[in-house]
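Got your viewer open? Load the model, pick a cartoon view, and we'll walk through it one selection at a time.

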Amino acid sequence: MQFKTTAAGSRNARNRVPRGSYAAGQTVSDVQFTNAQMRLTRIILPAGQSVEITTAATEPALLVALSTITLAMNDGAPITLRLGEEHWVDAGRGQEMTNAGAESMELLRVDFLTPPSDP
């Protein structure tokens, strides 16, 4: 994956972080990696539970489905994402998302900490 944001002289994100051990039924927001360019957070949300996704004024986020999920959004219709599909959250936004599926879901949240790079 190539990010089109300013690299900020950061160390490389080419590593694999093993999934942690989390209690069943637990809502999890676990930062897996961070540098000057991005922050990667694993989010686990049990069925029927909600999470608030809030972005800083200059830092948009990309949510990537790590399983097939259905999210009920506080500002619109439910969305379904299949493994690997993504949902963009603009900078300076807050969205409450509820796991509308029957099973626990997992997302990878990528916060972009640097501005877009010049083409």
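## Start with one strand

Select β7 and switch on its side chains. They alternate along the strand: H87 and V89 point to one face and are buried, whereas E86 and W88 point to the other face and are not. If that zigzag looks familiar, here is the general rule: in a regular strand, side chains take turns between the two faces of the sheet. Keep in mind as you click around that this is a predicted model.

## Who sits beside β7?

Now add residues 61-65, which make up strand β4. How many bridges join β4 to β7? Four, and the two strands run antiparallel. You can pick out partners by hand: V64 has E86 as its bridge partner in β7, and L63 stands opposite H87.

## Zoom out to the sheet

Next, colour β1, β2, β9, β4 and β7. These five strands form an open sheet, in the order β1-β2-β9-β4-β7, with antiparallel pairing. Look at the two ends: β1 (28-34) and β7 (86-89) are the edge strands, and each has a single partner, so one side of each has no neighbour in the sheet. Tilt the view a bit, too: neighbouring strands here are turned by 20° against each other on average, ignoring direction.

## A stop at E106

Stay in this sheet and select β9, residues 105-112, then find E106 within that strand. Is E106 buried or exposed? Buried: its relative accessible area is 15%, and under 20% counts as buried, which is why it gets that label. Show R42 as well, and you'll find a polar contact of 2.7 Å between the side chains of R42 and E106. Beyond its neighbours within four places in sequence, E106 also touches other residues, including R19, I44, V64 and I69.

## The second sheet

Hide those strands and bring up β3, β8, β5 and β6. What order do these four strands take in their open sheet? It is β3-β8-β5-β6, and the pairing is antiparallel. The edges here are β3 (50-54) and β6 (79-81); each has a single partner strand, so one side of each is left without a neighbour in the sheet. From one strand to the next, the twist averages 35°.

For a close-up, select β3 together with β8 (residues 94-99). Five bridges pair them in the antiparallel sense. One spot to click is T54, whose bridge partner in β8 is G94.

## Into the core

Turn on side chains for I53, I69 and M97. They have the most contacts inside the largest nonpolar core, which has 15 residues. At least two residues of this core come from each of β2 (38-45), β3, β4, β5 (69-73) and β9. Then select F33, M38, V64 and V110: they are among the seven residues of another core, which lies apart from the largest one.

Go back to M97 for a moment. Setting aside neighbours within four places in sequence, its contacts include L63, H87 and V89. You met H87 and V89 at the first stop, as the buried side chains of β7.

## Step back

Finally, show everything. The protein has nine strands and zero helices. Of its 119 residues, 34% are buried. Among contacts with a separation of 6 or more, 66% are between residues 24 or more positions apart. Switch to a surface view to finish: the protein exposes about 7,100 Å², and carbon and sulfur atoms supply 50% of that.

Terms used
Residues numbered from 1 in each chain as written. Predicted model: local features only at pLDDT ≥ 70, side-chain atom pairs only at ≥ 80, totals over all residues. Heavy atoms only, no water. Pairing = 2+ DSSP bridges. Axes fitted to C-alpha atoms, helices over the stretch in contact; angles between N-to-C directions. Buried < 20%, exposed > 50% of the residue type's maximum accessible area, 1.4 Å probe, protein only. Contact = heavy atoms within 4.5 Å. Areas by Shrake-Rupley, 256 points an atom, 1.4 Å probe, with all protein chains shown as cover. Polar contact = N/O pair within 3.5 Å; in protein donor to acceptor, adjacent residues only side chain to side chain. Core = buried A, V, L, I, M, F, W, Y, C linked by side-chain atoms within 4.5 Å.
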